[in-house]
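Student: I would like to understand the terms behind a structural description rather than just read them off. Could we go through them one at a time?

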Amino acid sequence: MQLTVNIVVLASIYALIACGYVLIYRVSRVLNLAHGELMMLGAYLLLATANSFSGNPAVAIAVAVALSLTVGVMVYVFLMRKMTGEMVLAAVLTTVALGILLRGVMVLIWSAQQQYPGQALGFSNPAIALPGGGRISTFAAILVLMTALTYAALFVFLRFGTWGVRMRAAGQNPLLAAQRGINLHAVYALAWGLSTLTGSIAGMLIALDSGLTNTMVIIGLKAFPAALVGGLDSLVGALAGALIIAAAEVLSIQYIDPLLSDVVPFLVLIAMLVVRPWGLFGTREELDRV
Amino acid sequence: MRPSIIIAAALAAGLTGSAHAQDAYVVGITAALTGPPASTYAPAMEALRIYIDGVNARGGINGKKVNLVIADDSAEPSKAAANAKKLLTQDNAALLINASLSSTYAPVVAEAKNAGVPLLFASSVCPREVYPPANEGQFCTTAFASTYDSRAALAFVKDTAKDTVKIGFSAMAIPLSRGEMEFAAKQAPLLGMVALPVEVIPPPTADYTPFATKLKDGGANWVFSWAPWVTQVRTFEALRRLDWKGDFITWAHLEAEGELKRIKDGKFFVIGANALFEDNLPIHKEIIEANKKAGSKYPPEQMTEGWIAGMVIEAALKGAGWPATPAKIQASMSNLKVDLKGLRGGPIEWTKDNHFRTKQFYRVYKWDGSKIVVAKDWYSYDVK
């Protein structure tokens, strides 16, 4: 039972992070390699608001979430918008530069020390006993629920929401979408905002569960294989990819060698690239564009 | 890294030149002030800066000021090499300090050796070359010591455990941590313990529970971890979340004192060579006062390593006299005894053949309901 819990928790972490990669790629074909940094920034924003509103955790969390969304939109408005019409590679390299900048700024502001936003908010993190003998920490359970909610909300939004349909249209054919009167810049800004928001929620929950250091950024990168295995333009794929990668990682820890857990995601990725380069649920057409 | 260190580094880099070298002791530092492991090194370097500022305020050493030239290497070997070259050739450092990951050692050692300048490892792990028979140009003040730490930790476990010990080991996937835990896993059976395979955990990991699950499933009633703090503490907390009831012993890094107070678990032991501030020694009060005066954002209890480095540098430069050449400083360091005023169990004593210390002292602390207490008082090992 504990193995199942471990797989579900890790899959939820990867899935929540991976959907940020998918949202931006699906809409604008840009690989956001600063996603890990933006995720970590969300966690640090929670730390900042926790210190400012320590007596009111709900306000602290709400402000941190709102700031994360704003940061994502701002990144597009002030940086990525300039990349519109440029080569995709230029946009990707811009995200790399953004990541380096963010990492430096975060260390300058919050130092490299281990921090505990949960402690600042007065939260405890007791373990919950599950039927079958498994145990899960409170924030890990919240993370699992939040991942389910996020994906459900995104499916509804993209299928039935006006802006969701516009996002899909912009992703499928930006020229036609623009000719139909869709404001592409608004759509892209929204995608960046939502992507940063989901990543930040993952960062905040990881930080609340086990603390926050500047190494969190690498966890963001570890979720990247999940998005690729599932197919970069598919949210269902991100979910499936996260589950596969998490299962491979947890089972290798338990039955083979813990050290392999670092390598296994990339072995799975290589196998997928050989067998089905566009990922489990990705489309061949999207790959051709890459 | 704190802005104060950055400003100090920038000012030092900008203002310190060869002209300065003629009327002050120039000490060059390459340190991981940013980058993933910065939490280990930045507070120590902040402490060293505060200590040397105090020395300068009291009139310096032998009537001369000490200029610390601090360069950030982000724990990257290429940056460390460039820093070392610049510190030695442009700043004319007479003593070089490395406070960074072991991967930066080779290029820094090479530069120091070429320049004939002594190299001090402060807050970074002591390399093999400082133990007897020591390399003539390398010295170390850092508390932790591979193999000795494991021997001391396992001795404590043996003394403390009431039942048969089945011990698990948690390492980070870096050579030093892994090597130490593999050494401990070999030592444990010699002390009558059942040793489980070493859990090597990649840095960083999103969730430590799968690793903890394996340790728990292995039936460990003790776990020993010697790794960067994040691996140590997250493994422990993941074990507790799994309702593991065993005892955990781990290395007392800079963060240990604050973390003991946060975790509040009577079976979480930290073993280290530095006295915690809970002892409230006069020198602790001195550090707290200096820390407050400097406006440092790092807590004083994270400053012991840097403070000790400062005390040793002061003694070494004093012994070298003025004008100080690298050769004179090296000679002074090769015959040095520094009373650490209780910050450790004994002095730092360097001889021609031993640039680590002649005795390595250990103390074990734990949380006891309402405060930190000593679980085992100072005990020592001869370093041969």
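Tutor: Gladly! The radius of gyration is taken over C-alpha atoms, and the globule rule is 2.2 Å times the number of residues to the power 0.38. Keep in mind that this is a predicted model, where local features need pLDDT of at least 70 and side-chain atom pairs count only at pLDDT 80 or more, while totals for chains, interfaces and linings use all residues. Residues are numbered from 1 along each chain as its sequence is written, and chains are lettered from A and ligands numbered from 1 in the order in which they are written.

Student: How do you know that the radius of gyration of chain A agrees with a compact globule?

Tutor: A compact globule with 290 residues would have a radius near 19 Å, and chain A has 19 Å, so the two agree. Its C-alpha trace spans about 55 × 45 × 35 Å along the principal axes.

Student: What makes chain B as compact as a globular protein of its length?

Tutor: The rule gives 21 Å for 384 residues and the radius of gyration of chain B is 21 Å, so chain B is as compact as a globular protein of that length. The box filled by its C-alpha atoms is roughly 65 × 40 × 40 Å, taken along the principal axes.

Student: What do helix and strand mean here, and how many are there in each chain?

Tutor: Both are DSSP runs numbered from the N terminus: helices are H or I with at least four residues, strands are E with at least two. Chain A has 14 helices and two strands, and chain B has 13 helices and 14 strands.

Student: Why is Glu305(B) called buried?

Tutor: A residue is buried if 20 or more other C-beta atoms lie within 10 Å of its own, exposed if 12 or fewer, and partly exposed in between, with C-beta atoms placed from the backbone. Glu305(B) has 28 C-beta neighbours inside 10 Å, so it counts as buried. This residue lies in helix H12 (residues 304-320) of chain B. Buried residues make up 58% of chain B and 53% of chain A.

Student: What is Glu305(B) in contact with?

Tutor: Two residues are in contact if their C-beta atoms, placed from the backbone, lie within 7 Å. Leaving aside neighbours within four places in sequence, the partners of Glu305(B) are Ala44(B), Ala47(B), Ser123(B), Thr142(B), Ala143(B) and Leu254(B).

Student: What makes strand E1 of chain B largely enclosed?

Tutor: Seven of the eight residues of E1(B) are buried, so the rest of the structure largely encloses it. E1(B) also helps to cover the buried residues of helix H5 of chain B, among them Tyr105(B), Val108(B) and Glu111(B).

Student: How do you know that E1(B) and strand E2 of chain B pair?

Tutor: Two strands pair if DSSP finds at least two bridges between them. Eight bridges join E1(B) to E2(B) (residues 65-72), and the two run parallel. One of the bridge partnerships links Ala31(B) with Asp72(B). Strands E13 (residues 359-368) and E14 (residues 371-382) of chain B are joined by nine bridges and run antiparallel. They form a hairpin with two residues between them, and Gly369(B) in the turn has a positive phi of about 75°.

Student: What is the largest nonpolar core, and why does it lie between two domains?

Tutor: A nonpolar core is a set of buried Ala, Val, Leu, Ile, Met, Phe, Trp, Tyr and Cys residues joined through C-beta atoms within 7 Å. The largest has 227 residues, and those with the most contacts inside it include Tyr14(A) and Ile271(B). Helix H1 (residues 2-28) of chain A gives the most to this core, with 19 residues. Domain 1 (3-144 + 280-353) and domain 2 (148-272 + 362-382) of chain B both give residues to the core, so it lies between them. Domain bounds come from an automatic or database domain assignment.

Student: How many residues of these two domains touch, and how far apart are the domain centres?

Tutor: In chain B, 13 residues of domain 1 are in contact with 13 residues of domain 2. Their centres, taken over C-alpha atoms, are separated by 30 Å.
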